Amino acid sequence: MSLYIESFNIEHMYSSSKPRKFAFSPHVASKLCVGPSSFNTNSCTKDLKRACEKNDIAKADQLFFTIVKQDHWVVVVLNLIRKQFNVFDSNIRDSDYVSILEKPCSNLIENFKTLVRGRNPWKHNLDMFERFSPSGYPQQSTTFDCGLFAILYMENLTTRGLKPFNTDTTSLLNFRKYIAAKLFKHPQNTLSSEEELEKLLKKS
């Protein structure tokens with residue numbers, strides 16, 4: 001997920017045709033998930049400063065945070081246009097379902113508000129932003145696709161809402177291939193295709 005997020009940020013930073021999005025790393029999200037009474041803003045100050053200076057998040061329309069607990073991924077979104085925090089969980093079973101990540105998500109939202117009070121790159125007061133829980137969005141049908149759906153939410157979410165995407169087996173398989181190809185071409189991947197093929201052949 002960390003490598004995908006780096007690729008996601010590079011793509012949205014250098015493409016004028018892409019929406020203005022930025023995603024914090026899972027490591028930063030994990031530091032924001034602690035209980036508010038235990039949260040130390042100094043643990044994330046450098047991360048926020050780096051995002052402001054390197055990625056110019058003051059111009060972003062959406063910020064994404066990916067959280068993983070007990071092998072399950074969810075996405076918290078700060079929608080700066082609609083002045084909302086949203087949470088997307090691909091494993092919601094019914095209207096009464098409470099995610100295992102409900103508390104970490106709530107902690108992240110409150111702690112990010114606290115962090116931003118010391119350095120707010122936006123004109124908005126995040127303390128006034130509401131949390132809105134979307135409904136009716138695509139859900140995983142397996143026990144292992146939460147990470148893939150987290151990426152699908154990030155790719156397809158706009159400030160107006162979630163663009164429709166297919167969740168049939170073939171479409172998900174093709175999307176996996178697309179993400180794999182994107183990560184293979186990541187600047188930090190120093191292996192050539194020939195080297196990768198040779199390694200795979202040796203394992204077979």
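Here is a short walk through one helix and two loop residues of this structure. Keep in mind that you're looking at a predicted model.

Let's start with helix α4, which runs over residues 102-118. From its first C-alpha to its last, α4 covers 26 Å with its 17 residues, close to the 24 Å you'd expect at 1.5 Å a residue. Quite a list of its residues is buried: P104, C105, N107, L108, I109, N111, F112, K113, L115 and V116. If you're scanning that list for a pattern, remember that an α-helix has 3.6 residues a turn, so residues three or four places apart point the same way.

Now look at K103, which also sits in α4. Is K103 buried or exposed? K103 counts as exposed because its relative accessibility is 58%, and the cut-off for exposed is over 50%. Follow the chain back and you'll find V34, 69 residues away from K103 in sequence, yet the two C-alphas are 9.1 Å apart in space.

Next, the loops. Between α3 (42-55) and β2 (62-69) you'll come across D56. Its backbone is worth a glance: D56 has a positive phi of about 50°, although it isn't a glycine. With 31% relative accessibility, D56 counts as partly exposed.

Move on past β2 to the loop that leads to β3 (72-79), and there is Q70. Here too the residue is something other than glycine, and the phi of Q70 is positive, near 50°. And how does Q70 sit with respect to the surface? Its relative accessible area is 69%, so Q70 is exposed.

Methods:
Residues are numbered from 1 along each chain as its sequence is written. This is a predicted model: local features need pLDDT of at least 70, side-chain atom pairs count only at pLDDT 80 or more; totals for chains, interfaces and linings use all residues. Side-chain values use heavy atoms; hydrogens and water are left out. Helices (H or I, at least four residues) and strands (E, at least two) are DSSP runs, numbered from the N terminus. Buried means under 20% relative accessible area, exposed over 50%, partly exposed in between (1.4 Å probe, protein chains only). The expected span of a helix is 1.5 Å times one less than its number of residues.
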